[in-house]
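Trainee: Hey, I've just opened this one and I'm a bit lost. Can you walk me through some of it?
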Amino acid sequence: MAVILDLAAQGGQMLLVLALAPLLTGFVRKVKARLLMRKGPPLVQPYRDLFRLVRKEAVLADNASWLFRVAPYLIFAATWVAASLVPTFAGGLMFSWSADLIAITALLGSARFFLALAGMDVGTSFGGIGASREAMFATLAEPAMLMMVFSLALLAGSTQLSTVSSLMHSPDIGLRVSLALALVALIVVAIAENARIPVDNPATHLELTMVHEAMILEYSGRHLAVIEFAAQLKLLLYASLIACLFVPWGIAKSGAGLWPLAIGVGAYIIKLAGLGLLLALFETSIAKMRVFRVAEFLGIALMLGLLGTLLLFVSRSL
Amino acid sequence: MAVHLAIGCVSVLLLVSVLGAALARSRHATTLVYLACLVVSLTASANGAITVRGEAASSSIALPLGLPWLGAHFRVDKLAGFFLTLVNFGGAAASLFAVGYGRHEISPGRVLPFYPLFLAGMNLVLLADDAFSFLLSWELMSLASWALVMSHHTEGDNVRAGFIYLVMASFGTAALLLAFGLLAGNEGDYLFAAIRQQRHADLVSGLVLVLVLVGAGSKAGLAPLHVWLPLAHPAAPSHVSALMSGVMTKVAIYGFIRIIFDLLGSPQWWWAIVVLVAGATTAVLGVLHAVLESDMKRLLAYSTVENVGFVFIGLGLSLAFAANGLSAAAALALTAALLHAFNHMLFKSLLFFGAGAVLHATRERDIERMGGLIHRMPQTSVVVLAGALAISALPPFNGFVSEWLMFQAVLASPSLPQWGLKLLVPGAGAMMALAAALAAACFVRLYGVAFLGRPRSDAARDAHETDRWSIGAMGALASLCLLAGIFPGLLIDALAPVVAPLVGGRMPVQSAEPWLSIVPISEGRSSYNGLMVFVFIAISGFGAAFAIHRLSTRATRRGPAWDCGFPDSSLATQYSAASFAQPLRRVFATTVFRASEHVDMPVPGQTRAALYLARVHDVVWDALYAPLAIGVDRLAGLLNQAQFLTIRRFLNMVFVSLVLLLLGLAIWP
């Protein structure tokens, strides 16, 4: 019985992230529109977009290779696996031990690797510019993320997300300087990785500053749908990560009954809504920065992460 | 028993070398020599693996060769067994590749005799059990590889590369010679068994550490002694480049482990600082060079420098833990280092083979003149992609596993009591993370520019797929990269008997873990399951593709590229390697390499072309080697005058030096 419930919780998580990812994107768009005194598209618009794209025929550039066609599915798979390993409504899921936080970071790295390659496949200038800038961002964002992971892992004595999350839930964690630094680093990384303002603008095309959109410019039809879906999953993943690490309340313990699980789902949705709201607020109140300022922005995250780790090496109580 | 077989393999290799010299002009010599090397290497590799798994701790033999009062001692223990496996497996892969690739060699007479000799030299270094045979084998390895570097001496800058290699190799050997002199102590017993018994003063052992770091480090490519490596490794034929980068650097790492972990006795904690700083600097410096490089083989050589840095970070951590008696953590760090050495052998050999295949197909080493090879070389492009994923430390490939273990070792280090280490280890961890991220960018750039996009030259447009032998060798390595990433527990368990005698501890038994996951310290701390990640990715990727194709449409149409509505058929609009590296150069290299950009725009009305210049300086060369070369030149100029002295003055000089030496002896306590 317990095994079945565990399996159901894991399966439920995998489906829940799939189901919620477009909704979160739609929600952020809606809030942003309202903040700008526009009506905005309906919440379900991302679902409609995805379904429309999937039904369309895919147009490939003449010299697109097999890698161009395979990459969307690989990107999606790596992102989905990573997203289903982050505790959302329940901790200690059945497969959570198969990859820790470092591995989740690396899985996202795999997805980015293929995305950048796909951007370079057709041999256009836009694809190259996107890939090159994405590579530059990643070289700073990934170490910053790992330093953040180090801080948490030193506190929890584990890199396993469920363990870290339950420690953050426990009363003996308290307020710490290193945690604050880690939180800031994580938020900066999340903004950069999800191509949000001020690093990149998810709403623009035809602008020289674009990064993520430039890489996927040649995609259409089902391939584009899968990539867009993966991007939405990634946003959800980072939101879940922030939620499970820094707002861990309501996450059901492993082996808990149905009722805590239901509470967990409810709490999770509320947390997502809150984070989406904050993201929209942040994005509407700030201007996009120049590409080469991003390096400094991410460099700050890296330094904060390193500082947090150093503090913990000096004393576990900081 | 093992040692007899290993010596037998070396003798056969020496015979094959003679055979290669004799038959070099024959038509079948290439196939014959490489097939023979393949068989011998596979045997020696299996022999090493059996030694590691076997009951016996070691087996030794003394041959009446070399110095009359010393003889030549050879011994195979677990450490040597592991490195025998690694070295000969790399040798076997290179030989298999070369059966096909070697046929294109213009002057086989310059390669065939030295290739088996090089393999024999590396084997002998691993087998040596006294300082004399060790140094002799070390020199044999260096000289044989130097001969191979010089085999294409008419091309480009290869003569200079060979000269710098020779100088650095002699310098390294001299440092090792001094280290052994210190280790042997006053009795001067050069048997390793006798050296192990010696107790050294702290100062002496510190000096030995530095000398070994210089001696073995110069061979492995440790900064700032790495300058020869990106010149010499690419100069050799590609299968030899693979051997030098993937395998010979590991022999150097073996030398370091043998002397520091085995011969020198219990470590001091500050040794770890020296090794960690050297490793972290090397890793970042190597990958920064690699990310800016556009010569395919040189890029790979710089990436070797980076990976050697990783291995040394692991060794440094292991020393730190061992010095504080934390044997489990020391075993974790050492296992991570050895595993990374093994993994690097797999994927770096693979990538150099790929570079060789591309070099043969396009006659180009510059990625700026490649592009679109994925269409012309479909099989090579798949295996090179696997290699690129593995070296970028991406799951589920093997490079990720060893770096993951390394990170776990970093996370185990707050228990170290010394403040110096407490502050240094997180810094080394950050450097490692930075280097890993830069490596991924570097290989996106390499693969994206060389294999994807549109062909940038006629040679790339007319490229052709390589031969079956080469594909076979690369395919085998690529599958092993994946397998080692999916089942890392097997390798970790196999390393346990190697690590245990060196640091007195071992990692938890991985085969006892459920579902083949790996656990670095204990259950509940951290675990990773490569198999599960691989299966998950495969299922969800295929599932998504299948579902979409089945439930929706799989209609596909080809059309011209979209490119935001302004497709430009000119190849000049394509992103190049230099433009891909530009953001990275601006962010990282401005301070480290004093990178500068110079734009000269004609004013409106002028018709001349605009000029864009990007300059990058090799800081190590400018700050260390260039002044050194000038200094040596000046000194030589000064001493040159001594050539023209009269006989009277020469005799005077001899007399004075004799008196001085005698005085020295008299004063010596």
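Mentor: Sure. Keep in mind that this is a predicted model. Let's start with helix 19 of chain B, whose buried residues are B:Trp469, B:Ser470, B:Ile471, B:Ala473, B:Met474, B:Leu477, B:Ala478, B:Leu480, B:Cys481, B:Ala484, B:Gly485 and B:Ile486.

Trainee: OK, and what covers the buried residues of helix 19 of chain B?

Mentor: The cover includes helix 3 (78-101), helix 13 (327-362), helix 15 (378-391), helix 16, helix 20 (488-503) and helix 21 (530-551), from chain B.

Trainee: How many residues does helix 19 of chain B have, and how far does it reach?

Mentor: Helix 19 covers residues 468-486 of chain B, which is 19 residues. From its first C-alpha to its last it reaches 26 Å, close to the 27 Å expected at 1.5 Å a residue.

Trainee: You mentioned helix 16. At what angle do helix 16 and helix 17 of chain B pack?

Mentor: About 160°, with 10 Å between their axes. Helix 16 is residues 398-411 of chain B and helix 17 is residues 419-450. The angle makes helix 16 of chain B roughly antiparallel to helix 17 of chain B. Their crossing is left-handed.

Trainee: Which residues make that contact?

Mentor: From helix 16 of chain B, they are B:Glu403, B:Met406, B:Phe407 and B:Val410. Helix 17 of chain B brings B:Val425, B:Gly429, B:Met432 and B:Ala436. By class, that contact has 6 nonpolar, 1 polar and 1 charged residues.

Trainee: And how do helix 12 and helix 17 of chain B pack?

Mentor: Helix 12, residues 296-323 of chain B, packs against helix 17 of chain B at about 160°, with the axes 11 Å apart. These two helices of chain B, 12 and 17, are therefore roughly antiparallel to each other. The crossing of helix 12 and helix 17 of chain B is left-handed.

Trainee: Which residues meet there?

Mentor: Helix 12 of chain B offers residues including B:Leu299, B:Glu306 and B:Phe310, while those in helix 17 of chain B include B:Met432, B:Ala439 and B:Leu446. The contact divides into 13 nonpolar, 2 polar and 1 charged.

Trainee: Switching topic: how many residues of chain A are in contact with chain B?

Mentor: 73 residues of chain A, and they contact 71 residues of chain B.

Trainee: Which helix of chain A gives the largest share of that side?

Mentor: Helix 5 of chain A, with 18 residues. Overall, the side of chain A that touches chain B divides into 47 nonpolar, 17 polar and 9 charged residues.

How values were computed:
Residues numbered from 1 in each chain as written. Chains lettered and ligands numbered in written order. Predicted model: local features only at pLDDT ≥ 70, side-chain atom pairs only at ≥ 80, totals over all residues. Axes fitted to C-alpha atoms, helices over the stretch in contact; angles between N-to-C directions. Helix = DSSP H or I, 4+ residues; strand = E, 2+ residues; numbered from the N terminus. Parallel < 35°, antiparallel > 145°, perpendicular 65-115°, else oblique. Left-handed = near helix turned anticlockwise from the far one by under 90°. Contact = placed C-beta atoms within 7 Å. Nonpolar A, V, L, I, M, F, W, Y, C, P; charged D, E, K, R; others polar. Expected span 1.5 Å × (residues − 1). Buried ≥ 20, exposed ≤ 12 C-beta atoms within 10 Å, placed from the backbone.
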